[in-house]
Amino acid sequence: MAVTASATSSPFVAAIEPITATDDEIRRSLEDAEIPPLLPALAYATGDLSLLRDDLRPDPLSFSMAQGGLSEVQQERARALAFEAIVRFRDGGSQPAPAPSDEDLLRIMEYAVGGAAMAEYLPLLEEELAYRGEDRRAPGWSVDEVAPGTTFEVVVIGAGMSGLLAAHRLQQAGVPFVVLEKNGDVGGTWLENSYPGCRVDNPNHNYSYAFAQRHDWPLHFSTSDVLLDYFRQCADVFGLREHIRFGTEVQSAEWSDSDLRWTVRVRTPAGDEEVLHADAVISAVGQLNRPNFPDIEGRDSFAGESFHSARWRHDLDLRGKRVAVIGTGASAVQFIPEIAPEVGELLVFQRTPPWLGPTPEYHDEVSSGLQWLYAHVPSYSEFNRFCIFWKMGDGALHSVRVDPDHAGGGDGISEVNEFVRAMLTGYLSVSFAPRPELLPHVVPDYPPGAKRMLRDNGVWAGALTRENVRLVTDGIREITPAGIVTEDGVEHEVDVIVYGTGFHASKFLTPMRVTGRGGLDLHEHWDGDARAYLGVTVPGFPNLFCLYGPNTNIVVNGSIIYFSECGVRYILGCIEHVLRSGAAALDVRPEVHDEFNERVDAENRLMAWGWSEVNSWYKNEHGRVAQNWPFTLLEYWQRTLRPDPADFELLRLA
Ligand SMILES: Cc1cc2nc3c(=O)[nH]c(=O)nc-3n(C[C@H](O)[C@H](O)[C@H](O)COP(=O)(O)OP(=O)(O)OC[C@H]3O[C@@H](n4cnc5c(N)ncnc54)[C@H](O)[C@@H]3O)c2cc1C
């Protein structure tokens, strides 16, 4: 895909092309259409709100199903209506109508999601969708304007999705910065995870920056190489590479109470220590960046090859080998079906089975008809982004929330959650019909949402039911030079062990040493239980800002990019506040932080992941949910729109 200059803020979106297609070509493209965003996009593009016919509106209760739950007949009618609208648009010279009034826009959006009340969401969505290509989250200020002559330097740690975003916004505001990255390239997660089958679980039209959307994603769920390419291109197009120091790992950051600045110690590519100074530090080190190996006795004694999925050994030929995979989490469910056909024998060691959301298009390319519609129907791609945003975000949140009045008994958390559970159980029953004896081992005994829900297009059952694959559910007792011994005393001899055992998700900002006011050590202070205000600031650590920090992960498959975009805007707002006030730094007030965290904890306890006892990476060593945001996406946007000066103490040089 070539990056093109365009009239929009996205370097990936050329101006919508005028329609020259014949009637037949349009009809053929519409056969591939994603229906729920179709009529809303056309109403937006043409100004014809009569397209929003009540009988073709999705039902909010079935909105998360394929084609928004619309029947075949409804889909056909919607296509016919869309065909006429596209032909009229073409014959009128493909001229988009003026932007609708807020009232009309609200009507269009509410129709798109089946009638849910959207008034509160309107300003968020106008920003998130950037219908006309505007970059509405760009800082509306610059250092020269708010504090002329002031020097304020920022160190950003990490050049993954979040670090690149922070760098782009700092550059827009004219704030000098350097990005320190331990790897040799940008991309973080998508650089490091190159295992077979690695792909995003959130459809790509949603998993991309709002200001750098793509309409021409080749796959619905891109593989890691496509995502890496996207982030590399963002670094290039936004001119960020010259600010990044690669191969440079931050060892520590130390706040000086006298200078009101940070001292950052790094290990350079040559292995030397170097010291940098900065007014603010933005940690963009990710939650899922440090591979986790299970604490199993004898792990180092294994005589064969072993590696973690995030450090895939592409040099190792697995063909014909006896391979053990430990874990059946998000990565393992992606790579096991890929390696199963080539290895000699595959033993899958499972502690807890995952729930799988049926996703027939999971590995599919975006069809040519759909690509044509994205390229020619103005705002169709954006409305598609909106439908994904809703059905995988706030529109689904209620399905993983505990209903205290639910009288279902057992471990059910609500009527709707039990409905989802029944559907997903049905999917597993059908998938594993050829090997029904596996069913008791592959159907989870915890409510959907308590652990990360994974996607499947049939390949999971396809892999586990192969002749050369065996699911082992006995616990692991130890690892020996020859293989893995389970609790029943059986030694399973293998040549290779692959650890699909996730990351040190709750060990935020490790292994860096971070010391704040009065020499306070961040990790001693947290004691394994990381907390921050809005996931961003920690009392006692002035001008230290975290991205993808504590309690900013989401479970119902929204996009982390959305969180980082909100977080970065908030951080830029904090820096603006410091600069405008002539202070050197700000420090969040402990009572603000504590009250916020109490709310988060109370709410997390009412979510499937906090309520259920099942093991998951969402809980830290204290059993507290330190990862997840339990509220709506709307609430995070509202709370991070701009910092409230009353939440902070300003620090000034004596
Ligand atoms: C396999 C996998 C699949 C995922 N799928 C999805 C998905 O479908 N949807 C979704 O929203 N999210 C998904 N995620 C979460 C994903 O991590 C985020 O979407 C996003 O990539 C996070 O970006 P980040 O920049 O915050 O962190 P990262 O991508 O982890 O980047 C952190 C960067 O910081 C650098 N760094 C760390 N420590 C230091 C240091 N001390 N000094 C210098 N540099 C340092 C790292 O080298 C890395 O480049 C997935 C994660 C994984 C691992």
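**Figure 1. Leu 534 in the loop between helix H17 (522-526) and strand E19 (544-546).** The model shown is predicted. Leu 534 is not a glycine, yet its phi is positive, at about 55 degrees. Most residues other than glycine have a negative phi, and most peptide bonds are trans.

**Figure 2. The cis peptide bond between Thr 510 and Pro 511.** The omega angle of the bond that joins these two residues is about 0 degrees. Pro 511 belongs to the loop that runs between strand E17 (496-499) and strand E18 (513-515).

**Figure 3. Packing of helix H5 (residues 122-129) with helix H21 (residues 633-640).** Two packed helices are described by the angle between their axes and the distance between the axes. For H5 and H21, the angle is about 90 degrees and the axes are 10 Å apart. Angles of 65 to 115 degrees count as roughly perpendicular, and H5 and H21 are therefore roughly perpendicular to each other. On the H5 side, the contact is formed by Pro 123, Leu 124 and Glu 127; on the H21 side, Leu 633, Leu 634 and Trp 637 take part. By class, the residues of this contact comprise 5 nonpolar and 1 charged, with no polar residue among them.

**Figure 4. Polar atoms of the protein facing the ligand at Met 161, Tyr 207 and Val 250.** A polar backbone atom of Met 161 lies 3.0 Å from an oxygen atom of the ligand. In the side chain of Tyr 207, an N or O atom is 2.6 Å from a ligand oxygen atom. A nitrogen atom of the ligand is 2.9 Å from a backbone N or O atom of Val 250. The ligand taken alone exposes 980 Å², of which the protein buries 96%.

**Figure 5. The shell of residues around the ligand.** The ligand is surrounded by 36 residues, and those that come nearest are Ser 162, Glu 181, Asp 201, Tyr 207 and Ile 560. Classed by type, the shell holds 15 nonpolar, 14 polar and 7 charged residues. At least two residues of the shell come from each of helix H7 (161-173), helix H8 (189-192) and strand E4 (249-256). H8 provides the largest share, with 3 residues.

Note on methods
Residues are numbered from 1 along each chain as its sequence is written. This is a predicted model: local features need pLDDT of at least 70, side-chain atom pairs count only at pLDDT 80 or more; totals for chains, interfaces and linings use all residues. Side-chain values use heavy atoms; hydrogens and water are left out. Axes are lines fitted to C-alpha atoms, for helices over the stretch in contact, and angles run from 0 to 180 degrees between N-to-C directions. Helices (H or I, at least four residues) and strands (E, at least two) are DSSP runs, numbered from the N terminus. Angles under 35 degrees count as roughly parallel, over 145 as roughly antiparallel, 65 to 115 as roughly perpendicular and the rest as oblique. Contact means heavy atoms within 4.5 Å. Ala, Val, Leu, Ile, Met, Phe, Trp, Tyr, Cys and Pro count as nonpolar, Asp, Glu, Lys and Arg as charged, and the others, Gly among them, as polar. A residue is near a molecule or strand if one of its heavy atoms lies within 4 Å of it. A polar contact is a pair of N or O atoms within 3.5 Å; within protein, one must be able to donate a hydrogen and the other to accept it, and residues adjacent in sequence count only if both atoms are side-chain atoms. Accessible areas come from the Shrake-Rupley method with a 1.4 Å probe; for residues, only the protein chains shown count as cover.
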